[in-house]
Structure formats: C-alpha cells, structure tokens
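Here are some notes to read beside the structure, set out as numbered points. Please keep the sequence and the 3D view open while going through them.

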Amino acid sequence: MGYSFYEIYITSQRAFRAMGFPFGADEDAGFIIAWLELNHLNGIKILHNLLNSIDHKYDGIVKIENLNENIDFKNSTILMKGSGLVDYLQSISNQKEKLSLNIKNCPDGILFLPLLYKISRKNNYVELNFNNSKNKISKYKIKDKEIAFETFINQDLLINNEVRIIIKNDKENLENLFQQKIITQKTIQDNLAQSINTNENLWKEISQIANKTFVPESEESRNKGAGGGDAND
Amino acid sequence: MMLQKSASNSSFTPMTLDRMGSRYPSRLSFSRSMLRTIIKNNWKITRSKFDLDKDGYGTAIYEINILNEIYSLVCFSQYLAEEDRSDRVIAEKWDTAYTLHIGKVNEKELERLKLNIPLQEAGRNSPKELILSRANKSVRLFKKIAETLANGFQPDINEINDVGYLLRTTAVYGSGKFGLSDFIRTEASTVFDQPFRAEMLAVYLIREFSVDLVEHVAYHLNSKKAVKLKSSIKQHIGIGNSTGLGMAPFIIKHPKLVHKWMSQFYKAIKEIKSKKQITDDKLIQFIHLIKKAKGYLNEVLTNDSFQKKKNIQSAIDLKKIIKYCEELKINKNNNNWDTILNFTSNNLQFDAQEIAQVQLIELYPEIADPLAENMSDSDDMYLNVNETIFSLINFIKKNYSWAINIDYSKKENLYLFWYISEEKLEPRLGERYNEEGAELEQPLGIGKMTHELYNFLIKHKDVHNYTVAEFLLLHPKFRGIIRRIQTLSDYNFGEVNDNILAKNTMPVNMLRFKLSFFGASRYDPKSDRWLRVSFYAGAPFYSDLNSQNVENWGFATMNSY
C-alpha cells in the first residue's frame, strides 16, 4: 500500500510522541523519518530498528565542553540529540569559514542528513560523512538543497559509528563536487508524485505505537461533536 | 448577556476568539477567488459522464479543462438506508462521495476509484487524487424539491432559504490525507497553487451535481411533467457543510498560514484607508452593500439563541452605519474611509465592524484581488539560534502577556484538553477533570506552554546569557515552544491571543474564523463545538457564470436574482 509524505510524517511524529519525545523533538524526529522515506533512504526501517532503544528513553541533552574535541553520543540516537546539535553548529558556524566536527558512538549517521539538508540554504556547503560499516565512508555533499553522494574506502578517517559534519561558509566554487546528484527539488517532486511504498509489517508496528496517542471518545464528546444530536435534517 | 466586548473597551487585536468568531467572508475568501479564477483563466467545465439510474444512483464525472490540463470531479451516488445517515465524522456510509482527480479518468482508474472513494477514510487514494469528500442529502429539502419539479412546479424560494442546500458535505479532505496528493506537490505541479483552491472547486462542482441530481430524479419520477429549476431559484441553493472541531487545531498548527490570510486582509484595509477622500459614487456603493448585508441578516436562519442575538444586533448596527454614511454624504465633508471604520470600531459590535470591512474591500478589486492570489505560506518553523535567552524573555514579556498572566492553578483555566479521537483520528475536546485521556493531550495550549517556559526562564538566571542554541542543548523539552515563539515574532497575526484550554472557550469561534476565509455563509451553530454553514449560496451556477456576475453574490438574499 502507498502512503503520502504527510501520512508518513504524522504517523512517525505521533509514534515519537507516544514514545515520550517532547513537543518539538517529536516533530523533528518525524520529519527525519518521513524525509528519508520519501527519498528512498529507509527511514521507516531505521526507526523500526531503533524502537527498543528509544521507547520511553528520551534523552535529548547534548553536553559540549570543548568543540575541538570529539563529541560522544554514547550510542544515543540522532533522533534524540541530532536537532539540538545541528542548531548549535548552525549558531557557531556563522562565525567561522569552516567548521568540522566528529561525533563518536553515533549510529545511523544518515539520520543527520534531513537536518543538514534543512540548514543547507543558510550555508555555502554542508558535508556529512560516516562509516557505513563495510569499511567504506559514505559522503553526502549538500548545497542549495541539492545532495550529491559518493563512497570511498576508509583510510583511517572514521571509526565505526563515527560521524563527521563539515560546514563551510567561504565562497569557494563547489560545482565540480556536485556531479552525482541523488536528491534535487525535481527528485523530491517526482517522489511525491508516487505513493511512498514502505514495508507493511514495519509500518503496521509503527502505526500501532502512534495509535497510543489516541483517546477513546467519551459519550459527552460524541454528543457535542459535529452532527451530534441533530444529524438528519 | 453582553454579546461581545466593543472595540472601544479592548486594545485592538483581531486574534482573540470573540473577534475571530465575528468574521465574515470577503473578496479574499477562497470560494470567491476560486470562482474569479474560473472566469479569469477561462476554465471550461463539462459533464462528461452522467450514468445514474432512475433513483439517482450511479456515477457522474465533471471535467475541468484548464489550458492543456484536465481535472475530473468524480461523483458516486448510492442508496443510503435511513439508519446509516449521519453527519458525524464517524459515519461509514453517505449518499454521495467524491474525488477531484488529476487528469481524465480512464476505465481502470474509475474502477479503482469506485472501490475506494465511497469508503472515504477506509479507502485508499493515490497522489493523482487531490480531494476526497462526501455529502448527504438534506432530508428536509431534497425529496420535496424533486417531487415539486416532477409535478411541473418550481419550489418556493422561501423553502430553499429555510434549509439552504440540497446536499451537505461532512468532510472535504486534501493535503496528503488518506494517500491524497501532498500540498507541496499540489502547489508545485498543478494549477491549485493557493490554499484550499482545489477544495473550493470540488465544493462548487458538488453544488452543480446536487442540482443535476435532483433534476434527474425529478425527471424519472414524472418524465412528462418534470421541469428544471429556474435559475433565479436555483442560485439561492448553496452546498451545506457540517463543521466540527477538526478545523480548530488547524488554526493553531498552521500559524504562518493564518498570519498570511490575516495580513493580506489588513493590507487591503490599510491601502483602502490610505485613500484621501471618498467619492460620492463609492459611498453610495458602500451604503448599498451594507444594506444588502442587512437584508441577508434579516433572512438568515438559525436556532442558536446566541447567534440569533448576534444577527439581530448586527442588523441594528448596520442600520447605524447606513445612517452615519448617509449623513456623511449630506454633509459632504472631507471624510475618508478611516472615519467610517473608526465610527464602527468605536460604536458597534465586532460583527458589524467586520461586515463594514469586508464590504469596503468589495469596492476596491484592484487592491484586493491580487492579494487574494497570494494567500499561501510554508509551515516551516525555525529557531533564531543566536538570540539570547535574555532577549527571548523580554520578547515573551512584551508579546505574550495574554499567556503569562493567566493563573493556570485555577481549574477553569486548564479545564479543557485537546486530543485525537481513537475512532476517526479527529481532534476532540475533553474535560480534564471529568474525562479520561488528559495525559495524551495534544500540544495546542500555547498559552500554557509559554507560561511554563517563561517561568522556567525567569527562575534560572544562570541561562540568561546563553544563546537559544546553547539553552536547547541542555533543555530540549522547550524546543517546540521556543521555535514557535521565535518563528511567530515575524508573524503577528499567527497566534490566537486566548487560552484555548479555559472552560469558557467557544471553539466554534475558531471554526467560524477559518470558515470565513473559505467563504462560508449562513452560520448556524449547533453547539459550542460544531455548526452548519453553506458555501456558494447565491453564486451563479457554471452555465450562468460570467464576468459581470462573478463578484456580486456576497450576502445574497432571496431577491438578489
């Protein structure tokens, strides 16, 4: 069965809410999952794999003592800590030409991609690197709401579950870096024109979690609701 | 009982619930701009299929040709047992069901739609469908009109005025619901680039179908004597709509959009007020329009005592405007529109003030109409990450006094909670101290959340020098409310300036606000939580629609035709 972007977003957001994510964090996490799913990057599958580690275990606090050192996510998910960190990087990137930050013990680095895509319009260039566990580095290059992708062999650049984010504000011409575009406004519109097909079993499980945010209607609500008491004239 | 505060007793903000509940449709409303677009862009509408049996059950398709594009309103009509007929959103069967589909419908697609559209929420749609809707027949009117026409007579327009419609929609879905096209796609790749334009086209065509359907049934009741509805009577028929709480959270969840609608409205007013002098001709037209609105108020029917009193008071107030304007005309002083609007805001209730504004806008299409074509905005919210907490505190203090000065320890200020119903995933209101489910409350109590944030910030002086980004690293639970407050610092009409959790909240005010921008008329509240309205009452049907009559159907009365 196919779904709209709205349906993937609202169901994911409700699921996060049901799992204890506060207002705002639930919206960001819902957006991450829906955006990845829209762009065929397995948002629902990643969320499903993380359910046990996030259900009623929300901890979005990020402690940064020294930006020159690595940040350690201690295997907490980007769904909880990612949006706060990206906002923080955005706030300090204004003062620098280039910012580079490594995050240790940070599984599912791809979850940063929607957040970085969102802020990319404010920066000249944003880059996301992470070890994809096949001894290869996945590199996503983001500029003007377009994303190019490449992989290369890990040359001791990043250890497993380590993520590197680079933000550049200099005026360097980066057109030559953007040969292999995988996401553009056109691909997004093309994907929106198709229903989003996701694994039904995984979707069902996430929908069931989302359903926990619903409340059975009381008789009083029912009678006061639209059509109540005076339906047939 | 005091119906409303008069404007002279309160500082002006149009975003309080009582003021929002006094709004009327205007030239900027979506039904108005949609109809204008049909004429301006020469949309051609044809009935390409009308395959109904003698009882009116079957399939009809209306095709809309727009330049090189075709859209199709597909209508399904079926038998509905009396026990299944309900306006409630939890109903599972309806007399009629509809979809607005991108392109011409082929046989294969029609089969798919036939299997899904009559099921409504229980069916599935594709991104090729823009709108999903359903409507029930008016028990009071449909059969009566069919029989009257079948006998060769025209119905009495008073009977039509008593009800207002032949069919009454109970939901009009769009924007990604149930698999429909997401609005970000609709906006980018179809002609429906304004909010609710596709919805308004669907509703207009459902109205066409309602008359085609009743005339068809009449013909099959008595093919020898049956007549069609006379244009002058037909035009008074609108399309009914039952609207419940589903619309209220929309206003809280889409504050930038709400701001856009309101700011366009007030841009029009501001520009009109800047005109140095009123011409005699414009003043005469204005008086005529106010008289027309007064006539409408005298005819419109409701059983709701509060609405009745409002309508009576509004009619009295409009009389005062007419008198004031006529005296202005006699005196021939150098008065401008500001003088008249000041008179209304200093002396009259909100409803009359609103009517004066919407009728004034009618006089200046060159100002209003371009604004009506720019009513969209994204829902994106953003943080001002470099703002300091100290600055944020000052902003809240200055702009959210309506929220931070409320005592939430009092039960009456926290009495209600908004939730999503398990039955149909629709927003509902519960009573916190009498009903279960408050722990699953939706985050719509903006006043309360702002109050909590403000008190937290005031108590934690150690964070006052932090930037918002630094603060949120350590206190992510405030992310949603800070993002909202910061975003809306540029959108001064975005926030409802009232505590919508308070016991005395009238949700129907929020519904009326949104419905006014849709262009709904004939407000008939059925409780404080739902109401009936009509769309397009008085508007020309497509076969009669032309550039001369496309704009003059607001506040239509029985003698308007």
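1. In this predicted model, the centres of domain 1 of chain B and domain 2 of chain B, taken over C-alpha atoms, are separated by 33 Å. The contact between these domains draws on eight residues from domain 1 of chain B and seven residues from domain 2 of chain B. On the side of domain 1 of chain B that touches domain 2 of chain B, the elements giving two or more residues are α2 (30–40) and α5 (157–163) of chain B, and by class this side has one nonpolar, three polar and four charged residues.

2. To place these domains along the chain, note that chain B is divided into domain 1 (30–244), domain 2 (274–377) and domain 3 (389–490).

3. The contact of the two chains takes 43 residues from chain A and 58 residues from chain B. On the side of chain A that touches chain B, the elements that each supply at least two residues include α1 (5–18), α2 (25–38), α4 (78–93) and β10 (214–215) of chain A, and α4(A) gives the most, with five residues. Sorted by class, this side of chain A has 18 nonpolar, 18 polar and seven charged residues.

4. The strand β10(A) deserves a second look, since strands from both chains pair here: two bridges join β10(A) to strand β8 (residues 416–421) of chain B, and the two strands run parallel. Within this pairing, F214(A) stands opposite I420(B) in β8(B).

5. Which residues touch the most other members of the largest nonpolar core? Of its 218 residues, they are F112(A), L116(A), L73(B), A202(B), I206(B), V214(B) and V468(B). Helix α7 (residues 197–221) of chain B provides the largest share of this core, with 13 residues.

6. One of those residues, F112(A), can be followed on the display through its contacts: leaving out residues up to four places away in sequence, F112(A) touches I78(A), G82(A), L128(A), V163(A) and I165(A).

7. A hairpin in chain B gives a contrasting case of strand pairing, in that strand β1 (residues 44–52) of chain B and strand β2 (residues 58–66) of chain B pair in the antiparallel sense, over eight bridges. In this pairing K44(B) stands opposite N65(B) in β2(B), while between the strands lie five residues, and G56(B) in this hairpin takes a positive phi near 90°.

Methods: Residues are numbered from 1 along each chain as its sequence is written. Chains are lettered from A and ligands numbered from 1 in the order in which they are written. This is a predicted model: local features need pLDDT of at least 70, side-chain atom pairs count only at pLDDT 80 or more; totals for chains, interfaces and linings use all residues. Two strands pair if DSSP finds at least two bridges between them. Helices (H or I, at least four residues) and strands (E, at least two) are DSSP runs, numbered from the N terminus. A nonpolar core is a set of buried Ala, Val, Leu, Ile, Met, Phe, Trp, Tyr and Cys residues joined through C-beta atoms within 7 Å. A residue is buried if 20 or more other C-beta atoms lie within 10 Å of its own, exposed if 12 or fewer, and partly exposed in between; C-beta atoms are placed from the backbone. Domain bounds come from an automatic or database domain assignment. Ala, Val, Leu, Ile, Met, Phe, Trp, Tyr, Cys and Pro count as nonpolar, Asp, Glu, Lys and Arg as charged, and the others, Gly among them, as polar.
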